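Good morning, and thank you for making time for this item. I would ask you to bring up the sequence and the structure before I begin.

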Amino acid sequence: MMQSVYIESSVISYITARPSRDIVVAARQAITIEWWNEYKSSFETFISELVLQEIASGDTVAANNRLAIVENIPILEATERAKALAEVLLSAQAVPASSTEDALHIAIAAVQNIDFLLTWNFKHINNANTRDKIAKIIRQFDYKSPILCSPEELINER
């Protein structure tokens with residue numbers, strides 16, 4: 001059975017964005033495109049309604065490009081259980097109160113028993129300072145915590 005990956009909005013944005021002049025962003029774009037083209041097929045991939053909302057915003061042409069690349073990816077619902085778990089992550093300050101959507105991404109992946117949450121959001125999702133606290137809260141609610149990682153971390157060979 002394939003492992004599952006919840007693809008958060010930042011990953012999709014890196015794939016479709018114009019090449020950046022910033023060397024770090026450009027490297028992340030290249031890594032993301034490599035993961036998408038060479039490794040995505042090794043996983044069962046998912047997005048959520050929230051991801052669709054986020055990638056549909058902004059410039060119409062860019063939004064349409066983002067939406068086009070995910071058109072065949074199954075969509076997970078933000079269930080009441082996911083919303084409740086997100087509220088706990090926020091109230092416990094595992095995710096900052098200003099980052100409701102980030103907490104919901106994590107909660108959707110946890111409630112749906114997803115193996116990996118793929119993101120470039122190192123501030124509120126894939127953060128070494130909060131990762132353990134997030135996982136502990138998720139486990140307290142009898143869910144398996146997804147591994148929070150970047151596309152670079154989910155490339156099997158280099």
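I shall discuss a glutamate, then a helix, and finally two loop residues.

This is a predicted model, in which local features need pLDDT of at least 70 and side-chain atom pairs count only at pLDDT 80 or more, whereas totals for chains, interfaces and linings use all residues. Residues are numbered from 1 along each chain as its sequence is written, and side-chain values use heavy atoms, with hydrogens and water left out.

Let me start with E8, in the loop between β1 (4–7) and α1 (9–16). Helices here are DSSP runs of H or I with at least four residues, strands are runs of E with at least two, and both are numbered from the N terminus. E8 is buried and yet has no salt bridge. Buried means under 20% relative accessible area, exposed means over 50%, and partly exposed lies in between, with a 1.4 Å probe and protein chains only. A salt bridge would be a side-chain nitrogen of Lys or Arg within 4 Å of a carboxyl oxygen of Asp or Glu. The nearest side chain of opposite charge to E8 is that of R28, 11 Å away; Lys and Arg count as positive, Asp and Glu as negative, and His and the chain ends are not counted.

What, then, does the side chain of E8 make a polar contact with? One partner is the side chain of S10, at 2.4 Å, and another is the side chain of T119, at 2.6 Å. A polar contact is a pair of N or O atoms within 3.5 Å; within protein, one must be able to donate a hydrogen and the other to accept it, and residues adjacent in sequence count only if both atoms are side-chain atoms. Beyond its neighbours within four places in sequence, E8 is in contact (heavy atoms within 4.5 Å) with residues including V51, H105 and W120.

I turn now to α7, residues 131–140, where I134, A135, I137 and I138 are buried. Seen down the helix axis, these buried residues fall within an arc of 165°, taken from the directions from the axis to the C-beta atoms, so they line one face of α7. The face turned away from that side carries the exposed residues D132, K136 and Q140. The cover over the buried residues includes α5 (80–91), α6 (100–111) and β5 (147–149).

Lastly, the two loop residues. D142, which follows α7, has a positive phi of about 65° although it is not a glycine. At 73% relative accessibility, D142 counts as exposed. N113, in the loop between α6 and β4 (116–118), also has a positive phi, near 60°, and counts as partly exposed at 45% relative accessibility.
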